[in-house]
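Let's take a quick tour of this protein together. Have a look at the sequence and the 3D view first, then read on.

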Amino acid sequence: MTRLKIAIQKSGRLSQDSQELLDKAGLQFNRSKDKLFWYGRNLPVDMLLVRDDDIPRLLLDGVCDLGIVGENVATECCLERALPGTQLAPEIRLDFGHCRLCLALPEDQTWHSPQQLAGKRIATSYPGLTQQYLDQQGIQAAIVELSGAVEIAPSMGTAEAIVDLVSTGTTLRANHLRECETLLESQAGVYLGSTPLDEERNALRQRLLERIAAVQQVKESKYVMLHAPRRALKAIAELLPGAESPTVLPLEGQEDRVAVHAVCRETVFWEHLEKLKAAGATAVLVLPVEKMLS
Ligand code: ATP
Ligand code: ZN
């Protein structure tokens with residue numbers, strides 16, 4: 001059988017989470033420290049370790065069958081290619097690599113509306129997404145394309161505004177810039193390569209996608225066990241976040257109390273436990289879920 005190739009970022013903000021995800025999905029590789037290629041040991045799936053910016057192209061050119069990359073990079077690549085029908089949509093959103101692409105101005109300027117960008121220079125590493133935003137607003141402005149250190153452009157006098165990635169906003173504040181508009185909310189996702197696969201490889205890719213989706217689901221899921229008065233069962237079932245039909249078990253020697261077990265598919269907060277207790281629950285245990293296939 002020919003093998004599948006999956007591309008992930010070699011080193012950077014997405015690398016560790018991407019590797020952990022594939023590890024949890026049961027993929028094992030013969031690691032080589034510097035090589036860009038890890039050979040799959042237990043499944044015919046190999047890994048390419050590359051710069052994140054190269055991943056969309058590897059997918060679109062059919063070099064890779066799967067890739068993990070930020071929505072920001074995937075969308076930008078499609079816009080820059082500007083080929084009709086060039087599209088990359090995340091198959092599964094991964095809930096890491098969260099950031100947003102923002103328009104920012106120097107702090108001493110007030111933001112009224114996009115119109116004030118007309119005729120100005122905007123520094124960015126995202127010319128495609130910036131141009132799309134300007135077109136949507138019907139504004140003409142000059143885009144100054146930079147590959148890094150975008151945030152210093154206004155103080156250097158090379159641009160009046162910037163469009164850059166932000167996660168906490170610390171870098172912007174340090175450079176006396178203020179966020180004005182969000183152009184894109186982004187997180188990492190699993191993307192598919194453009195080349196159609198034969199039946200066998202397609203089945204393998206589907207299997208991997210199912211495992212990745214299950215790993216995602218399990219991250220939030222908890223197994224909750226508690227004792228409850230029989231009369232409060234309905235109220236307690238409603239208080240369990242994201243649980244479908246809990247299992248109810250008798251308790252030896254107790255007529256009016258039962259044990260309740262449930263898989264909660266949403267985060268279980270302390271507030272949930274406090275409400276359960278107030279509804280009559282005792283001996284509440286919250287356990288992590290290791291694997292789940294449904
Ligand atoms: P490479 O050498 O692979 O090109 P890079 O410097 O472009 O690395 P990183 O800084 O590691 O990339 O960011 C990779 C991705 O992480 C970004 O494209 C984005 O999707 C996500 N990300 C999350 N938070 C941030 C942030 N605060 N700044 C930049 N990227 C972020
Ligand atoms: Zn990059």
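Start with how the chain is divided up: the domain assignment splits it into domain 1 (4–96 + 188–218), domain 2 (99–186) and domain 3 (220–288). Keep in mind that what you're looking at is a predicted model. From here, we'll go through the domains, two pockets and a ligand.

**Domains**
- Notice that domain 1 is written as two stretches, 4–96 and 188–218, while domain 2 covers 99–186.
- If you go from the C-alpha centre of domain 1 to that of domain 3, you cover 38 Å.

**The largest pocket**
- How much space lies in the largest pocket? It's about 1100 Å³.
- This pocket is lined by 37 residues, and D52, N72, V73, Y126 and L165 are the ones closest to its centre.
- Four elements each give two or more residues to that lining: helix 2 (55–60), helix 3 (71–81), strand 10 (161–166) and helix 6 (170–174).
- Which element gives the most to the lining of the largest pocket? That's helix 3, with six residues.
- Sort the lining by class and you get twelve nonpolar, 14 polar and eleven charged residues.
- Two domains take part here, as domain 1 and domain 2 each supply at least three residues to the lining of the largest pocket.

**The second largest pocket**
- Next comes the second largest pocket, with a volume of about 310 Å³.
- Its lining is made of 13 residues, and nearest the centre you'll find K24, V215, E290, K291 and M292.
- Helix 7 (residues 199–220) contributes the largest share of this lining, five residues.
- The class count for the second largest pocket is seven nonpolar, one polar and five charged residues.

**Ligand 1**
- How many residues surround ligand 1? There are 15, and the closest are R13, R51, D53, N72 and S167.
- Look at D53 again: one of its polar side-chain atoms sits 2.7 Å from an oxygen atom of ligand 1.
- The side chain of Q9 also has an N or O atom 2.8 Å from a ligand 1 oxygen.
- For D52, the distance from a side-chain N or O atom to an oxygen atom of ligand 1 is 2.9 Å.
- On its own, ligand 1 would expose 630 Å², and the protein buries 77% of that.
- Two names are worth spotting twice: D52 and N72 are among the residues closest to the centre of the largest pocket, and N72 is also one of the residues closest to ligand 1.

Definitions and conventions:
Residues are numbered from 1 along each chain as its sequence is written. Chains are lettered from A and ligands numbered from 1 in the order in which they are written. This is a predicted model: local features need pLDDT of at least 70, side-chain atom pairs count only at pLDDT 80 or more; totals for chains, interfaces and linings use all residues. Side-chain values use heavy atoms; hydrogens and water are left out. On a 1 Å grid over the protein atoms alone, a cavity is a set of points where a 1.4 Å probe fits but cannot get out, and a pocket is an open set with protein on both sides within 12 Å along at least five of seven lines; lining residues have an atom within 4 Å of a point. Grid points are joined across faces, edges and corners, and a volume is the space filled by probe spheres set on the points. Ala, Val, Leu, Ile, Met, Phe, Trp, Tyr, Cys and Pro count as nonpolar, Asp, Glu, Lys and Arg as charged, and the others, Gly among them, as polar. Domain bounds come from an automatic or database domain assignment. A residue is near a molecule or strand if one of its heavy atoms lies within 4 Å of it. A polar contact is a pair of N or O atoms within 3.5 Å; within protein, one must be able to donate a hydrogen and the other to accept it, and residues adjacent in sequence count only if both atoms are side-chain atoms. Accessible areas come from the Shrake-Rupley method with a 1.4 Å probe; for residues, only the protein chains shown count as cover.
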